[in-house]
Amino acid sequence: MVSDLGPRGLATLAGLGPFASLWRQLGQHFHDARLQQLFGRYATYCGSSPWSAPATLMLVAQVEMDGVWSVTGGMHQIAKAMAELGERNGVQARYNTRCEKITLHGGRVSGVQLASGELIETDHVVFNGDVAALGAGLLGDALRRPFPTRPVAKRSLSAVTYAMHARTQGFPLVRHNVFFNRDYQREFEDIFHRHQRPSEGTVYVCAQDRQDDGLGHEKAERILCLINAPANGDEPAPNESEITEWEKNAFEMMRRCGLEIEASSAQSVRTLPQDFASRFPGSSGALYGQATHGWLSAFDRPSARSKIPGLYLAGGSVHPGPGVPMAAMSGRLAAATLMADLGLIHRSRRVVISGGTSMR
Ligand SMILES: Cc1cc2nc3c(=O)[nH]c(=O)nc-3n(C[C@H](O)[C@H](O)[C@H](O)COP(=O)(O)OP(=O)(O)OC[C@H]3O[C@@H](n4cnc5c(N)ncnc54)[C@H](O)[C@@H]3O)c2cc1C
(Lines give C-alpha, C1' and ligand atoms only; values in the text may rest on other atoms or scores of the structure.)
Protein backbone atom coordinates (compact mmCIF):
# COMPACT_ATOMS: atom_id res chain seq x y z
CA MET A 1 0.00 0.00 0.00
CA VAL A 2 2.83 2.34 0.94
CA SER A 3 4.67 1.84 -2.35
CA ASP A 4 1.41 2.38 -4.26
CA LEU A 5 0.75 5.66 -2.49
CA GLY A 6 4.05 7.30 -3.35
CA PRO A 7 5.48 10.32 -1.49
CA ARG A 8 2.43 12.54 -2.06
CA GLY A 9 0.04 9.80 -0.97
CA LEU A 10 2.11 9.21 2.14
CA ALA A 11 1.68 12.85 3.10
CA THR A 12 -2.10 12.44 2.72
CA LEU A 13 -1.96 9.28 4.81
CA ALA A 14 -0.03 11.06 7.55
CA GLY A 15 -2.65 13.85 7.41
CA LEU A 16 -5.31 11.28 8.36
CA GLY A 17 -3.66 11.25 11.75
CA PRO A 18 -2.66 7.65 12.40
CA PHE A 19 0.25 8.76 14.59
CA ALA A 20 -1.62 11.22 16.83
CA SER A 21 -4.20 10.21 19.40
CA LEU A 22 -7.80 11.14 18.71
CA TRP A 23 -7.93 13.21 21.90
CA ARG A 24 -4.80 15.23 21.10
CA GLN A 25 -5.86 15.94 17.55
CA LEU A 26 -9.35 17.02 18.62
CA GLY A 27 -7.69 19.51 20.98
CA GLN A 28 -6.35 21.32 17.93
CA HIS A 29 -9.87 21.83 16.59
CA PHE A 30 -11.92 22.40 19.73
CA HIS A 31 -10.99 24.61 22.62
CA ASP A 32 -14.01 23.70 24.71
CA ALA A 33 -13.22 20.44 26.51
CA ARG A 34 -16.88 19.40 26.25
CA LEU A 35 -16.72 19.43 22.44
CA GLN A 36 -13.48 17.46 22.62
CA GLN A 37 -15.34 14.98 24.86
CA LEU A 38 -18.28 14.79 22.46
CA PHE A 39 -16.16 14.07 19.38
CA GLY A 40 -13.81 11.80 21.37
CA ARG A 41 -16.82 9.55 21.86
CA TYR A 42 -16.22 8.09 18.39
CA ALA A 43 -13.35 6.00 19.81
CA THR A 44 -15.91 4.02 21.78
CA TYR A 45 -17.62 2.94 18.54
CA CYS A 46 -14.82 0.41 18.33
CA GLY A 47 -14.51 -0.08 22.08
CA SER A 48 -11.44 2.11 22.53
CA SER A 49 -10.17 5.05 24.54
CA PRO A 50 -9.94 8.50 22.85
CA TRP A 51 -6.55 8.88 24.57
CA SER A 52 -5.09 5.82 22.81
CA ALA A 53 -7.11 5.52 19.59
CA PRO A 54 -5.58 7.00 16.43
CA ALA A 55 -6.94 10.34 15.24
CA THR A 56 -7.99 8.62 12.00
CA LEU A 57 -11.24 7.83 13.84
CA MET A 58 -12.20 11.48 13.29
CA LEU A 59 -13.34 10.18 9.90
CA VAL A 60 -16.35 8.56 11.57
CA ALA A 61 -17.78 12.00 12.32
CA GLN A 62 -17.18 12.99 8.71
CA VAL A 63 -19.04 9.91 7.48
CA GLU A 64 -21.92 10.50 9.91
CA MET A 65 -22.42 13.96 8.48
CA ASP A 66 -23.68 12.21 5.33
CA GLY A 67 -26.37 10.60 7.48
CA VAL A 68 -26.75 7.28 9.24
CA TRP A 69 -28.77 4.22 8.28
CA SER A 70 -31.42 2.57 10.34
CA VAL A 71 -33.04 -0.74 9.48
CA THR A 72 -36.79 -0.92 8.98
CA GLY A 73 -38.17 -3.31 11.59
CA GLY A 74 -35.01 -3.26 13.73
CA MET A 75 -31.48 -4.65 13.54
CA HIS A 76 -32.56 -8.30 13.72
CA GLN A 77 -34.11 -7.87 10.26
CA ILE A 78 -30.55 -7.97 8.84
CA ALA A 79 -29.96 -11.41 10.34
CA LYS A 80 -33.42 -12.51 9.21
CA ALA A 81 -32.87 -11.27 5.65
CA MET A 82 -29.51 -13.05 5.46
CA ALA A 83 -31.04 -16.28 6.81
CA GLU A 84 -33.84 -16.11 4.23
CA LEU A 85 -31.41 -15.40 1.41
CA GLY A 86 -29.23 -18.31 2.55
CA GLU A 87 -32.19 -20.69 2.74
CA ARG A 88 -33.28 -19.72 -0.77
CA ASN A 89 -29.76 -20.74 -1.86
CA GLY A 90 -29.78 -24.07 -0.08
CA VAL A 91 -28.27 -23.15 3.31
CA GLN A 92 -29.45 -25.30 6.22
CA ALA A 93 -29.20 -23.23 9.38
CA ARG A 94 -28.79 -24.92 12.78
CA TYR A 95 -29.89 -22.65 15.59
CA ASN A 96 -29.05 -22.96 19.30
CA THR A 97 -26.33 -25.44 18.51
CA ARG A 98 -22.88 -24.96 19.99
CA CYS A 99 -19.85 -25.80 17.91
CA GLU A 100 -17.41 -27.56 20.27
CA LYS A 101 -14.52 -28.18 17.99
CA ILE A 102 -13.13 -27.37 14.59
CA THR A 103 -11.42 -30.62 13.65
CA LEU A 104 -8.15 -30.81 11.72
CA HIS A 105 -6.57 -33.57 9.68
CA GLY A 106 -3.00 -33.26 8.47
CA GLY A 107 -2.90 -29.63 9.57
CA ARG A 108 -5.96 -28.55 7.61
CA VAL A 109 -9.65 -28.25 8.43
CA SER A 110 -11.61 -31.49 8.27
CA GLY A 111 -14.92 -30.68 9.98
CA VAL A 112 -16.86 -29.27 12.91
CA GLN A 113 -17.99 -31.14 15.98
CA LEU A 114 -21.29 -29.96 17.50
CA ALA A 115 -22.21 -30.13 21.19
CA SER A 116 -24.78 -32.80 20.30
CA GLY A 117 -21.89 -35.03 19.26
CA GLU A 118 -22.67 -34.72 15.56
CA LEU A 119 -19.64 -34.33 13.31
CA ILE A 120 -20.05 -32.41 10.07
CA GLU A 121 -17.23 -33.14 7.68
CA THR A 122 -16.05 -30.24 5.57
CA ASP A 123 -12.88 -28.85 4.01
CA HIS A 124 -13.80 -25.23 4.68
CA VAL A 125 -15.05 -23.43 7.78
CA VAL A 126 -15.82 -19.75 8.25
CA PHE A 127 -15.62 -18.97 11.97
CA ASN A 128 -17.39 -15.82 13.16
CA GLY A 129 -17.18 -16.13 16.92
CA ASP A 130 -14.61 -13.95 18.70
CA VAL A 131 -11.21 -15.00 17.32
CA ALA A 132 -9.84 -14.97 20.91
CA ALA A 133 -11.85 -18.18 21.47
CA LEU A 134 -9.50 -20.02 19.09
CA GLY A 135 -6.36 -19.00 21.01
CA ALA A 136 -8.08 -19.93 24.28
CA GLY A 137 -8.60 -23.46 22.97
CA LEU A 138 -12.41 -23.24 23.11
CA LEU A 139 -12.66 -24.77 19.64
CA GLY A 140 -10.09 -27.48 20.29
CA ASP A 141 -6.51 -27.60 21.59
CA ALA A 142 -5.05 -27.93 18.10
CA LEU A 143 -6.06 -24.35 17.36
CA ARG A 144 -4.46 -22.84 20.46
CA ARG A 145 -0.97 -22.45 19.06
CA PRO A 146 -1.71 -20.82 15.69
CA PHE A 147 -3.88 -18.13 17.30
CA PRO A 148 -2.54 -15.72 19.90
CA THR A 149 -4.44 -15.17 23.14
CA ARG A 150 -5.67 -11.62 23.72
CA PRO A 151 -3.93 -10.01 26.70
CA VAL A 152 -6.09 -8.03 29.15
CA ALA A 153 -4.46 -4.78 27.99
CA LYS A 154 -5.68 -5.33 24.43
CA ARG A 155 -9.32 -6.02 25.24
CA SER A 156 -11.87 -3.52 23.96
CA LEU A 157 -14.64 -2.03 26.10
CA SER A 158 -17.35 -4.06 27.69
CA ALA A 159 -20.57 -2.60 29.10
CA VAL A 160 -23.27 -2.93 31.66
CA THR A 161 -26.61 -2.54 29.89
CA TYR A 162 -30.20 -2.12 31.01
CA ALA A 163 -32.94 -2.99 28.53
CA MET A 164 -36.14 -1.51 29.90
CA HIS A 165 -39.77 -0.83 29.21
CA ALA A 166 -40.03 2.44 31.08
CA ARG A 167 -41.67 5.82 31.43
CA THR A 168 -39.33 8.75 31.27
CA GLN A 169 -39.76 12.37 32.17
CA GLY A 170 -37.90 15.65 32.58
CA PHE A 171 -35.58 15.45 29.58
CA PRO A 172 -36.37 15.76 25.85
CA LEU A 173 -34.87 12.43 24.81
CA VAL A 174 -34.18 11.85 21.13
CA ARG A 175 -33.35 8.49 19.58
CA HIS A 176 -29.66 8.55 20.57
CA ASN A 177 -28.52 10.35 23.73
CA VAL A 178 -25.23 10.44 25.59
CA PHE A 179 -24.96 11.59 29.21
CA PHE A 180 -21.33 12.48 29.78
CA ASN A 181 -19.65 12.30 33.15
CA ARG A 182 -17.43 15.05 34.55
CA ASP A 183 -14.06 13.34 34.49
CA TYR A 184 -13.85 11.63 31.10
CA GLN A 185 -10.12 10.85 31.26
CA ARG A 186 -10.50 9.12 34.60
CA GLU A 187 -13.25 6.92 33.17
CA PHE A 188 -10.89 5.54 30.51
CA GLU A 189 -7.95 5.26 32.92
CA ASP A 190 -10.17 3.24 35.25
CA ILE A 191 -11.28 0.95 32.46
CA PHE A 192 -8.07 0.44 30.49
CA HIS A 193 -5.32 0.96 33.09
CA ARG A 194 -6.87 0.04 36.42
CA HIS A 195 -9.32 -2.51 34.91
CA GLN A 196 -12.10 -1.43 37.21
CA ARG A 197 -15.59 -0.07 36.72
CA PRO A 198 -15.40 3.73 36.69
CA SER A 199 -17.13 5.33 39.66
CA GLU A 200 -19.10 7.51 37.25
CA GLY A 201 -19.40 6.14 33.73
CA THR A 202 -20.75 7.81 30.58
CA VAL A 203 -24.26 6.55 29.83
CA TYR A 204 -25.60 6.08 26.32
CA VAL A 205 -29.39 6.02 26.20
CA CYS A 206 -31.16 4.69 23.13
CA ALA A 207 -34.86 5.59 22.99
CA GLN A 208 -35.59 3.50 19.95
CA ASP A 209 -39.28 4.40 19.65
CA ARG A 210 -38.39 8.06 19.18
CA GLN A 211 -37.25 10.15 16.27
CA ASP A 212 -35.00 13.18 16.62
CA ASP A 213 -37.79 15.69 17.31
CA GLY A 214 -37.40 15.40 21.10
CA LEU A 215 -41.14 14.96 21.55
CA GLY A 216 -42.09 13.24 24.77
CA HIS A 217 -43.82 9.90 25.10
CA GLU A 218 -46.77 9.70 27.44
CA LYS A 219 -46.66 5.93 27.66
CA ALA A 220 -43.90 3.51 28.60
CA GLU A 221 -41.34 3.05 25.84
CA ARG A 222 -38.32 0.88 25.01
CA ILE A 223 -35.10 2.23 26.53
CA LEU A 224 -31.58 0.82 26.44
CA CYS A 225 -28.94 2.27 28.76
CA LEU A 226 -25.34 1.29 28.06
CA ILE A 227 -22.57 2.17 30.50
CA ASN A 228 -18.90 1.64 29.57
CA ALA A 229 -17.17 -1.03 31.67
CA PRO A 230 -13.91 -3.02 31.56
CA ALA A 231 -13.90 -6.41 29.84
CA ASN A 232 -13.47 -8.46 33.00
CA GLY A 233 -16.18 -10.98 32.24
CA ASP A 234 -13.80 -13.85 33.00
CA GLU A 235 -13.67 -12.73 36.66
CA PRO A 236 -16.45 -13.48 39.16
CA ALA A 237 -19.46 -11.14 38.88
CA PRO A 238 -19.54 -8.27 41.41
CA ASN A 239 -21.82 -8.79 44.38
CA GLU A 240 -25.33 -7.38 44.27
CA SER A 241 -24.71 -4.47 46.68
CA GLU A 242 -21.67 -3.33 44.68
CA ILE A 243 -23.59 -3.34 41.43
CA THR A 244 -26.63 -1.63 42.97
CA GLU A 245 -24.41 1.14 44.30
CA TRP A 246 -22.84 1.64 40.89
CA GLU A 247 -26.22 1.54 39.16
CA LYS A 248 -27.47 4.20 41.60
CA ASN A 249 -24.57 6.49 40.59
CA ALA A 250 -25.30 6.11 36.88
CA PHE A 251 -29.02 6.83 37.26
CA GLU A 252 -28.25 9.68 39.67
CA MET A 253 -25.98 11.26 37.04
CA MET A 254 -28.83 11.16 34.50
CA ARG A 255 -31.19 12.60 37.14
CA ARG A 256 -28.82 15.55 37.63
CA CYS A 257 -29.15 16.17 33.89
CA GLY A 258 -32.94 16.09 34.32
CA LEU A 259 -33.80 12.58 33.14
CA GLU A 260 -36.00 10.44 35.35
CA ILE A 261 -36.45 6.80 34.25
CA GLU A 262 -39.19 4.81 35.92
CA ALA A 263 -38.99 1.06 35.35
CA SER A 264 -39.84 -1.75 37.69
CA SER A 265 -37.30 -4.54 38.05
CA ALA A 266 -39.78 -6.82 36.27
CA GLN A 267 -39.53 -4.56 33.23
CA SER A 268 -35.77 -4.24 33.20
CA VAL A 269 -33.07 -6.69 32.10
CA ARG A 270 -29.52 -6.07 33.28
CA THR A 271 -26.56 -7.50 31.34
CA LEU A 272 -23.09 -7.56 32.92
CA PRO A 273 -19.68 -8.18 31.25
CA GLN A 274 -19.95 -11.74 32.67
CA ASP A 275 -23.18 -12.23 30.69
CA PHE A 276 -21.57 -10.91 27.51
CA ALA A 277 -18.59 -13.22 28.14
CA SER A 278 -20.84 -16.27 28.18
CA ARG A 279 -22.83 -15.07 25.18
CA PHE A 280 -19.66 -14.43 23.14
CA PRO A 281 -17.23 -17.20 24.19
CA GLY A 282 -13.57 -16.21 24.44
CA SER A 283 -14.32 -12.47 24.49
CA SER A 284 -14.10 -11.99 28.30
CA GLY A 285 -16.98 -9.57 27.70
CA ALA A 286 -15.05 -7.34 25.25
CA LEU A 287 -17.74 -6.30 22.79
CA TYR A 288 -15.53 -5.19 19.91
CA GLY A 289 -12.62 -7.65 19.71
CA GLN A 290 -9.29 -6.02 20.47
CA ALA A 291 -9.11 -2.30 21.20
CA THR A 292 -8.03 0.03 18.39
CA HIS A 293 -5.11 1.52 20.28
CA GLY A 294 -2.00 2.88 18.57
CA TRP A 295 -1.32 3.39 14.87
CA LEU A 296 -0.44 -0.26 14.27
CA SER A 297 -3.72 -1.58 15.65
CA ALA A 298 -5.42 -1.63 12.24
CA PHE A 299 -2.69 -3.98 10.98
CA ASP A 300 -2.86 -6.11 14.09
CA ARG A 301 -6.33 -7.54 13.46
CA PRO A 302 -6.52 -11.03 11.99
CA SER A 303 -7.62 -11.13 8.36
CA ALA A 304 -10.06 -13.43 6.57
CA ARG A 305 -7.52 -16.12 5.63
CA SER A 306 -6.17 -17.81 8.75
CA LYS A 307 -2.92 -19.72 9.12
CA ILE A 308 -4.86 -23.00 9.05
CA PRO A 309 -5.69 -24.08 5.49
CA GLY A 310 -9.47 -24.21 5.09
CA LEU A 311 -10.23 -21.98 8.11
CA TYR A 312 -11.53 -18.48 7.37
CA LEU A 313 -12.37 -15.76 9.85
CA ALA A 314 -15.17 -13.19 9.87
CA GLY A 315 -16.87 -10.97 12.41
CA GLY A 316 -16.30 -8.02 14.68
CA SER A 317 -12.98 -9.28 16.07
CA VAL A 318 -11.22 -9.45 12.70
CA HIS A 319 -10.48 -7.00 9.88
CA PRO A 320 -11.90 -4.44 9.20
CA GLY A 321 -13.33 -4.17 12.72
CA PRO A 322 -16.35 -4.18 15.00
CA GLY A 323 -19.86 -2.89 14.48
CA VAL A 324 -22.59 -4.36 12.33
CA PRO A 325 -21.53 -2.75 9.00
CA MET A 326 -17.87 -3.68 9.48
CA ALA A 327 -18.69 -7.23 10.60
CA ALA A 328 -20.86 -7.58 7.49
CA MET A 329 -17.94 -6.36 5.35
CA SER A 330 -15.66 -8.92 6.98
CA GLY A 331 -18.19 -11.62 6.03
CA ARG A 332 -17.97 -10.51 2.42
CA LEU A 333 -14.18 -10.57 2.59
CA ALA A 334 -14.22 -14.10 4.02
CA ALA A 335 -16.60 -15.23 1.28
CA ALA A 336 -14.48 -13.62 -1.45
CA THR A 337 -11.29 -15.16 -0.02
CA LEU A 338 -12.86 -18.61 0.17
CA MET A 339 -14.21 -18.30 -3.37
CA ALA A 340 -10.81 -17.21 -4.65
CA ASP A 341 -9.16 -20.19 -2.91
CA LEU A 342 -11.72 -22.52 -4.48
CA GLY A 343 -10.87 -21.05 -7.87
CA LEU A 344 -14.37 -19.64 -8.28
CA ILE A 345 -13.19 -16.14 -9.03
CA HIS A 346 -10.15 -15.00 -10.92
CA ARG A 347 -8.26 -11.81 -10.45
CA SER A 348 -6.51 -10.40 -13.47
CA ARG A 349 -2.87 -9.51 -13.09
CA ARG A 350 -2.15 -5.89 -12.33
CA VAL A 351 -0.97 -4.01 -15.40
CA VAL A 352 -0.12 -0.46 -16.31
CA ILE A 353 -2.00 0.54 -19.41
CA SER A 354 -0.80 3.24 -21.70
CA GLY A 355 -1.92 6.62 -20.46
CA GLY A 356 -0.59 5.76 -17.04
CA THR A 357 -3.72 4.43 -15.31
CA SER A 358 -2.88 1.60 -12.95
CA MET A 359 -5.68 -0.92 -12.68
CA ARG A 360 -6.39 -4.26 -11.11
C1 LIG B 1 -24.69 -3.94 23.85
C2 LIG B 1 -24.08 -3.81 22.48
C3 LIG B 1 -24.29 -2.66 21.74
C4 LIG B 1 -23.76 -2.53 20.46
N5 LIG B 1 -24.07 -1.42 19.73
C6 LIG B 1 -23.71 -1.37 18.42
C7 LIG B 1 -24.18 -0.31 17.58
O8 LIG B 1 -24.91 0.58 18.01
N9 LIG B 1 -23.78 -0.32 16.28
C10 LIG B 1 -23.00 -1.29 15.76
O11 LIG B 1 -22.69 -1.27 14.57
N12 LIG B 1 -22.53 -2.31 16.55
C13 LIG B 1 -22.87 -2.37 17.85
N14 LIG B 1 -22.43 -3.40 18.64
C15 LIG B 1 -21.42 -4.32 18.11
C16 LIG B 1 -22.01 -5.35 17.15
O17 LIG B 1 -23.12 -5.98 17.76
C18 LIG B 1 -20.92 -6.39 16.83
O19 LIG B 1 -19.74 -5.78 16.36
C20 LIG B 1 -21.43 -7.35 15.75
O21 LIG B 1 -22.65 -7.97 16.14
C22 LIG B 1 -20.41 -8.41 15.47
O23 LIG B 1 -20.96 -9.35 14.60
P24 LIG B 1 -20.41 -10.81 14.54
O25 LIG B 1 -21.16 -11.54 13.50
O26 LIG B 1 -18.94 -10.75 14.47
O27 LIG B 1 -20.66 -11.46 15.96
P28 LIG B 1 -21.92 -11.68 16.84
O29 LIG B 1 -23.05 -10.79 16.48
O30 LIG B 1 -21.39 -11.68 18.21
O31 LIG B 1 -22.36 -13.15 16.42
C32 LIG B 1 -21.56 -14.28 16.69
C33 LIG B 1 -22.46 -15.38 17.21
O34 LIG B 1 -21.72 -16.58 17.26
C35 LIG B 1 -22.11 -17.29 18.40
N36 LIG B 1 -21.04 -18.22 18.76
C37 LIG B 1 -19.80 -17.94 19.23
N38 LIG B 1 -19.11 -19.06 19.44
C39 LIG B 1 -19.91 -20.08 19.08
C40 LIG B 1 -19.77 -21.51 19.08
N41 LIG B 1 -18.65 -22.12 19.47
N42 LIG B 1 -20.80 -22.26 18.63
C43 LIG B 1 -21.96 -21.68 18.19
N44 LIG B 1 -22.16 -20.33 18.18
C45 LIG B 1 -21.15 -19.55 18.63
C46 LIG B 1 -22.34 -16.23 19.45
O47 LIG B 1 -23.18 -16.70 20.48
C48 LIG B 1 -22.99 -15.12 18.62
O49 LIG B 1 -24.38 -15.26 18.61
C50 LIG B 1 -22.94 -3.56 19.92
C51 LIG B 1 -22.69 -4.71 20.67
C52 LIG B 1 -23.27 -4.84 21.93
C53 LIG B 1 -23.04 -6.13 22.68
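**Close-up 1. Thr271 is buried in this predicted model.** Thr271 has a relative accessible area of 8%. Buried means under 20%, so Thr271 falls in that class. The residue is found in strand β10, which covers residues 268–271. Which residues is Thr271 in contact with, leaving aside neighbours within four places in sequence? They are Ala159, Val160, Thr161, Phe276 and Arg279.

**Close-up 2. Cys99, Asn128 and Val324 each place an atom 2.8 Å from the ligand.** At Cys99, a polar backbone atom sits at that distance from a ligand nitrogen. At Asn128, an N or O atom of the side chain pairs with a ligand oxygen. At Val324, a backbone N or O atom lies 2.8 Å from an oxygen atom of the ligand. On its own, the ligand has 1000 Å² of accessible area, and the protein covers 60% of this.

**Close-up 3. The shell around the ligand draws on α9 and α11.** These helices, α9 (273–279) and α11 (324–341), are the elements that give two or more residues to the shell. Helix α11 gives the most, with three residues. In total, 18 residues surround the ligand. Cys99, Asn128, Gly316, Gly323 and Val324 come nearest.

**Close-up 4. A nonpolar patch lies on the surface.** Val71, Met75, Ile78, Met82 and Val324 form the patch. Together they have about 420 Å² of accessible area. Val71 lies in the loop between α4 (58–64) and α5 (76–88). Its relative accessible area is 32%, so Val71 counts as partly exposed. Val324 belongs to the patch, and Val324 is also among the residues nearest the ligand.

Methods:
Residues are numbered from 1 along each chain as its sequence is written. This is a predicted model: local features need pLDDT of at least 70, side-chain atom pairs count only at pLDDT 80 or more; totals for chains, interfaces and linings use all residues. Side-chain values use heavy atoms; hydrogens and water are left out. Patches are made of residues with over 30% relative accessible area and no salt bridge: like charges are joined within 9 Å, nonpolar side chains (Val, Leu, Ile, Met, Phe, Trp, Tyr) within 5 Å. Accessible areas come from the Shrake-Rupley method with a 1.4 Å probe; for residues, only the protein chains shown count as cover. A salt bridge is a side-chain nitrogen of Lys or Arg within 4 Å of a carboxyl oxygen of Asp or Glu. Helices (H or I, at least four residues) and strands (E, at least two) are DSSP runs, numbered from the N terminus. Buried means under 20% relative accessible area, exposed over 50%, partly exposed in between (1.4 Å probe, protein chains only). Contact means heavy atoms within 4.5 Å. A residue is near a molecule or strand if one of its heavy atoms lies within 4 Å of it. A polar contact is a pair of N or O atoms within 3.5 Å; within protein, one must be able to donate a hydrogen and the other to accept it, and residues adjacent in sequence count only if both atoms are side-chain atoms.
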